[in-house]
Amino acid sequence: MSRLSDISASPVLREFAQGAAQSAIMPVADFLAPTIEVPTSVGRYKKYTEKDRFRIPNTLRSIGGRATELRFEVSDETYNCEPHALDYPVDNLEKLESEDLENALREGAVAVAEVAALSHEKSVIDAAMTAAGAGTAKVWGASADPVSDIDTAILDVIKAAKYGSLMGVGVLFGASAWCLFKNQEKVRGRFVVGNGGKGGSLAVPTEGSAGHLFVGTPEVRASYMVYDNAAPGVAEDVKFLLDTSVLVFARRPNPTRRDPSFMKTFRLMGKYMVPSSYMRDDGRVEVAKFDWSEDVRVTNSAAVKRLNVSAT
């Protein structure tokens with residue numbers, strides 16, 4: 001067994017790698033599809049649609065009668081935490097010259113975690129946009145009221161989720177949509193500090209403060225995830241994933257397999273970003289490998305609204 005395999009198998013490095021992975025999780029990915037840690041790689045979960053809606057069960061039990069059972073039905077969906085992996089090569093020459101191989105592996109764990117987080121965020125946003133469909137066009141010109149438009153979408157999502165006050169709501173702006181929203185005249189006029197109209201001044205709208213404008217005080221985020229839409233070998237065409245779209249959706253920060261949140265990420269418990277190693281076939285490079293399993297699912301396609309916004 002090599003020094004690299006000894007170190008990669010140590011509980012200290014494993015804890016560091018999992019901590020790096022948690023720290024690198026992109027905020028928008030966790031916002032849209034919060035993580036559920038599950039005990040097995042394959043299992044059942046409740047999926048809700050317009051046809052199969054969440055319903056509050058009757059909890060009243062008659063004397064001598066049976067209680068209503070919470071169970072998974074045959075029609076429920078199966079999650080499958082499929083394997084993901086990234087490798088981080090460590091050249092043998094570097095190994096021989098380095099007195100601190102563990103630090104090299106820590107560096108690898110951070111690099112792998114960051115790339116994995118970017119990949120995860122793109123897959124989450126892509127799945128969300130597909131589930132949300134074409135959406136509704138909204139013109140946020142000078143006479144429009146963007147706050148009213150989002151309030152309406154929030155109320156629609158709360159009714160679609162049917163989970164009452166237990167269910168939170170998220171509002172996710174694309175980068176261009178957020179710029180349009182925060183600079184719109186009727187929105188800027190609502191962000192006031194001081195004594196309002198008596199000597200008060202307008203504040204700069206922020207994502208953190210925007211939630212107070214909307215009914216129910218939802219959490220608000222903006223996505224700045226970009227991708228290159230050009231084919232390899234030609235000039236780059238960098239675009240924002242959400243761009244001019246706004247997603248309003250049902251979410252719980254700590255979801256379960258049964259609640260009617262819009263999206264969830266299933267991850268195998270204690271198996272996130274597990275380090276190990278192997279020797280490459282040429283014998284010159286030993287590779288630190290990092291493995292994990294996850295499954296991103298849309299669990300309630302009815303509990304999302306998409307607005308496509310423009311200034312004119």
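**Exercise 1.** Among contacts in the chain between residues at least 6 apart in sequence, what percentage join residues at least 24 apart?

*Solution.* The model is predicted: local features need pLDDT of at least 70, side-chain atom pairs count only at pLDDT 80 or more, and totals for chains, interfaces and linings use all residues. Residues are numbered from 1 along each chain as its sequence is written, and side-chain values use heavy atoms, with hydrogens and water left out. A contact means heavy atoms within 4.5 Å. Of the contacts in question, 80% join residues at least 24 apart.

**Exercise 2.** Determine whether threonine 299 is buried or exposed, and describe its surroundings.

*Solution.* Step one: buried means under 20% relative accessible area, and exposed means over 50%, with partly exposed in between (1.4 Å probe, protein chains only). Step two: threonine 299 has a relative accessible area of 0%, so this residue is buried. In the chain, 40% of the 312 residues count as buried. Step three: the residues that threonine 299 touches, leaving out those up to four places away in sequence, include Tyr45, Tyr48, Phe262 and Met263. Another of them is Ser261; the backbone oxygen of serine 261 lies 2.7 Å from a polar atom of the threonine 299 side chain.

**Exercise 3.** State which element gives the most to the lining of the second largest pocket.

*Solution.* Helices (H or I, at least four residues) and strands (E, at least two) are DSSP runs, numbered from the N terminus. Strand S4 (82-91), helix H5 (101-132) and strand S15 (285-298) each supply at least two lining residues. With five residues, H5 gives the most.

Key: A polar contact is a pair of N or O atoms within 3.5 Å; within protein, one must be able to donate a hydrogen and the other to accept it, and residues adjacent in sequence count only if both atoms are side-chain atoms.
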